[in-house]
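Hi there,

Here is the structure I promised to pass on. Please have a look at it first, and then read my notes on its aromatic rings below.

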Amino acid sequence: MKGRYSRLRYIQTLDPERDCEQIANLVTLYEFPFEYRFGFAFGILTDCTFPSVSGEFSRTGQIRDHGQKRYDDGMLFEYEMKHHGLDSPHGRATIRKLNRIHSHYPISNDDYLATLASHTLTPIRWINTYGWRPLSDHETRALVAVNQRMGHLMGIKNMPHDLQGLSDVLTTALRERARYHPTNRDVAHQIIRVVQGWWPRALRRYVPVVVAALIDPEIRALLGLPEPPPAFTAAVRNTLILRGKCIRFAPPRRDHRPYQPKPRSYPTGWTLDHLGPVSSAGKDGAVSP
């Protein structure tokens, strides 16, 4: 790609439904890898506003006892499915394994729907707020279409067909089923402890308040997190907005250098066998995909 907007111009020549996987990979692996990954992570915090979800996280102890691996696996399952193609042999194998894991837990279709909505909408909102440009209609429709296909392969029922439908699902779920519960707070703090581990020891004490500043007030209250000072919240958010504006003038990511996960849990690489709860994780030597 020659210029900062060259990739966008190419995306505009594609069909957002037929070519949705190609467009999604261009968005998440080239144009906005940072914003997409952090949006995905904050989507997990949104999931924890539902006591049925936070309660299951608490019961299994996977985030409490193996938080970094649980986070890495969530990102890697999505990466493995979408990078290789949802309908590719590897993509189908990844989805089958994820479905087997989920079959051991009492997850309702309503929770699946709300999670699908939050994991679609939160990254889109992060990109539009903190990215170097907002997503085009083509890109938004493609991200929705890919997640719809993923939801279909996961057996999720009553999926909406567009962005507004997903927004309505999440809004309704937050209004009718989300409420504060101690497990929401406990699991949110467990996730924040994972994020603290990414930073130098001297900075870790500031991570909780920075994370709280980046969460919408209604979600923050449902998680039982303290409200940061308004000036601090504005400073944190404006710093990320400024970062996006600066990146606008930087050269685009080269075609031969897509974003590649570097999970802390698998420093030498991973295979599909390694992903999943600790009790069922593979034990063979790791090989990068």
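A good place to start is Arg-243: its charged end sits over the ring of Phe-34, 4.0 Å from the centre of that ring. Please keep in mind that this is a predicted model. There is another arginine to look at, since Arg-177 lies over the face of Phe-50, 5.0 Å from the ring centre.

Now for the rings themselves. Searching the whole structure gives eight aromatic pairs. One of them joins Phe-34 and Phe-38, with 4.6 Å from centre to centre and 35° between the planes, a tilted arrangement. Both residues belong to helix H3 (residues 33-47), where they are four residues apart, about one turn of the helix. Are they buried or exposed? Phe-34 is partly exposed, at 29% relative accessible area, and Phe-38 is also partly exposed, at 26%.

Phe-38 has a further partner in Trp-198: the ring centres are 6.4 Å apart and the planes meet at 90°, so this pair is edge-to-face. What does the pair link? It connects distant parts of the chain, 160 residues apart: Phe-38 is in helix H3, while Trp-198 is in the loop between helix H10 (182-196) and helix H11 (207-213). Trp-198 has a relative accessible area of 22%, and because buried means under 20%, it counts as partly exposed.

Finally, these three residues are part of one aromatic cluster, formed by Phe-34, Phe-38, Phe-42, Tyr-71, Trp-126, Tyr-130 and Trp-198.

Enjoy exploring!

Best wishes

Technical notes:
Residues are numbered from 1 along each chain as its sequence is written. This is a predicted model: local features need pLDDT of at least 70, side-chain atom pairs count only at pLDDT 80 or more; totals for chains, interfaces and linings use all residues. Side-chain values use heavy atoms; hydrogens and water are left out. Rings of Phe, Tyr and Trp (its six-membered ring) pair if their centres lie within 6.5 Å; planes under 30 degrees apart count as stacked, over 60 as edge-to-face and the rest as tilted. Helices (H or I, at least four residues) and strands (E, at least two) are DSSP runs, numbered from the N terminus. Buried means under 20% relative accessible area, exposed over 50%, partly exposed in between (1.4 Å probe, protein chains only). A charge sits over a ring if NZ of Lys or CZ of Arg is within 6 Å of the ring centre and within 35 degrees of the ring normal.
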